[in-house]
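Here are some exercises to work through with the model open in your viewer. Try each task before you read its solution.

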Amino acid sequence: MSAAIIIDSIKHVLIEALAIPAIPDNWVQVVENKENNYSIRLKLPFPHDKIQSLWQQQVMQALTENNTIHIHSLQWQWESTIVALETPANVKTLPQVKNIIAIASGKGGVGKSTVTTNLALALAAEGARVGILDADIYGPNQPNLLGVTEKPQVQGKALIPLLKHGVQSMSIGYLLDSAETPVIWRGPMVSGALQQLLYDTLWHELDYLLIDMPPGTGDIQLTLSQKIPVSGAVIVTTPQDLALLDVQKAVNMFKKVAIPLLGVVENMAYYHCPQCQHTDAIFGEAGGKRMAENFDLDLLGLLPLNTEIRRASDAGIPLVVSAPESAITQNYQQIALKMVARLALRATQVKRRFAKIVVE
Ligand SMILES: Nc1ncnc2c1ncn2[C@@H]1O[C@H](COP(=O)(O)OP(=O)(O)OP(=O)(O)O)[C@@H](O)[C@H]1O
Ligand SMILES: [Mg+2]
């Protein structure tokens with residue numbers, strides 16, 4: 001009876017944090033060892049090193065407030081097993097990369113690159129092994145965002161990814177002499193360059209590889225959907241209506257090529273004035289929410305328009321690293337966890353869909 005109350009409290013905390021309707025039973029096990037002494041074992045299919053103490057505290061608080069249960073001791077055991085999702089059979093796989101997630105938008109300048117970097121770093125802070133592939137062949141931003149100035153070393157025909165802030169990355173920007181040099185590519189070259197950057201990089205054991213997509217729905221998006229084993233995509237939007245229309249194109253494209261959409265991130269959603277403490281929805285309210293509803297997608301979270309985000313990015317030390325305990329870092333952390341939890345839930349759904357139906 002008490003074990004059931006503990007399980008319910010844990011599930012409740014996880015449901016709130018991840019904004020999912022239910023928690024699979026095999027994620028949470030509680031055993032009563034001796035009277036009122038419990039062992040809790042959480043087996044979560046995503047990383048949680050940083051968040052787990054907060055979740056533990058929230059559960060403890062709920063249990064303390066529940067006076068129908070008597071607890072003498074609780075022993076916590078947290079485990080994380082990140083599985084590799086199935087990808088289409090006709091694309092070349094990357095055995096050393098478990099999951100590839102594309103971060104995309106229809107319109108330029110909505111903050112995809114900034115979101116990609118900070119989500120990658122937030123996942124690394126939770127204990128995941130993370131990489132970033134800068135798929136913006138025309139205007140690579142990851143070198144500046146990550147503050148990488150070195151060139152990658154070459155091993156045989158392959159490139160060794162650059163490691164910065166605990167995250168591996170590869171960008172065409174690392175190979176150009178100057179970021180100012182304009183790159184003129186034709187469609188097939190772009191597609192080839194992207195595949196080479198992905199397959200000819202010696203990624204070292206990644207749980208997640210985040211792809212920072214260029215804007216639009218052109219050649220790179222096509223390559224991505226046809227040639228690269230993508231497990232899921234996230235759409236970044238700003239709340240303006242025009243941006244939303246552009247995003248609809250991106251959403252439609254991913255749906256057409258059957259890449260699962262994990263959700264929407266609404267960037268620059270509001271402005272909080274540090275002087276007067278007023279919060280203003282500059283571009284109108286709830287655009288991402290509306291779009292999420294229209295397309296039956298989850299809204300993974302909102303991010304403010306904030307000087308520190310831009311300043312940290314410009315300095316090459318993204319906010320999640322420069323201000324790890326800030327409120328905005330927590331926004332990125334929550335979005336990152338919702339994103340990978342949804343990816344993991346998809347894995348169980350895929351299995352279920354193929355499960356045998358036995359008629360008795
Ligand atoms: N939430 C935010 N608050 C303030 N500035 C932001 C925010 N998100 C992004 N920026 C800034 O907005 C600009 C555009 O962001 P970013 O380069 O990430 O967009 P993008 O969608 O990747 O653009 P592109 O389509 O050109 O690749 C950058 O100067 C970045 O620092
Ligand atoms: Mg970009």
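**Exercise 1.** Is the crossing of helix 1 and helix 2 right-handed or left-handed? Describe how helix 1 and helix 2 pack.

*Solution.* This is a predicted model, in which local features need pLDDT of at least 70, side-chain atom pairs count only at pLDDT 80 or more, and totals for chains, interfaces and linings use all residues. Residues are numbered from 1 along each chain as its sequence is written, while chains are lettered from A and ligands numbered from 1 in the order in which they are written.

Step 1: find the helices, which are DSSP runs of H or I with at least four residues, as strands are runs of E with at least two, numbered from the N terminus. Helix 1 covers residues 2–18 and helix 2 residues 52–65.

Step 2: take the axes, lines fitted to C-alpha atoms (for helices over the stretch in contact), with angles from 0 to 180 degrees between N-to-C directions. The two axes come within 9 Å and cross at roughly 130 degrees. Helix 1 is therefore oblique to helix 2, given that angles under 35 degrees count as roughly parallel, over 145 as roughly antiparallel, 65 to 115 as roughly perpendicular and the rest as oblique.

Step 3: the crossing of helix 1 and helix 2 is right-handed, the near helix being turned clockwise from the far one by less than a right angle.

**Exercise 2.** Which strands are at the edges of the sheet with the order 1-2-3?

*Solution.* Step 1: this open sheet has three strands and mixed pairing; strands pair if DSSP finds at least two bridges between them.

Step 2: strand 1 (28–34) and strand 3 (73–80) are the edge strands, each pairing on one side only.

Step 3: strand 2 (residues 37–44) runs parallel to strand 3, joined by eight bridges. Tyrosine 38 has leucine 74 in strand 3 as its bridge partner.

**Exercise 3.** What is the strand order in the sheet of eight strands?

*Solution.* Step 1: the order in this open sheet is 8-9-5-10-4-11-12-15, with mixed pairing.

Step 2: strand 8 (162–164) and strand 15 (299–302) each have a single partner strand, so one side of each is left without a neighbour in the sheet. From one strand to the next, the twist averages 25 degrees.

Step 3: strand 8 and strand 9 (residues 167–171) run antiparallel, joined by three bridges. There, leucine 163 has glutamine 168 in strand 9 as its bridge partner.
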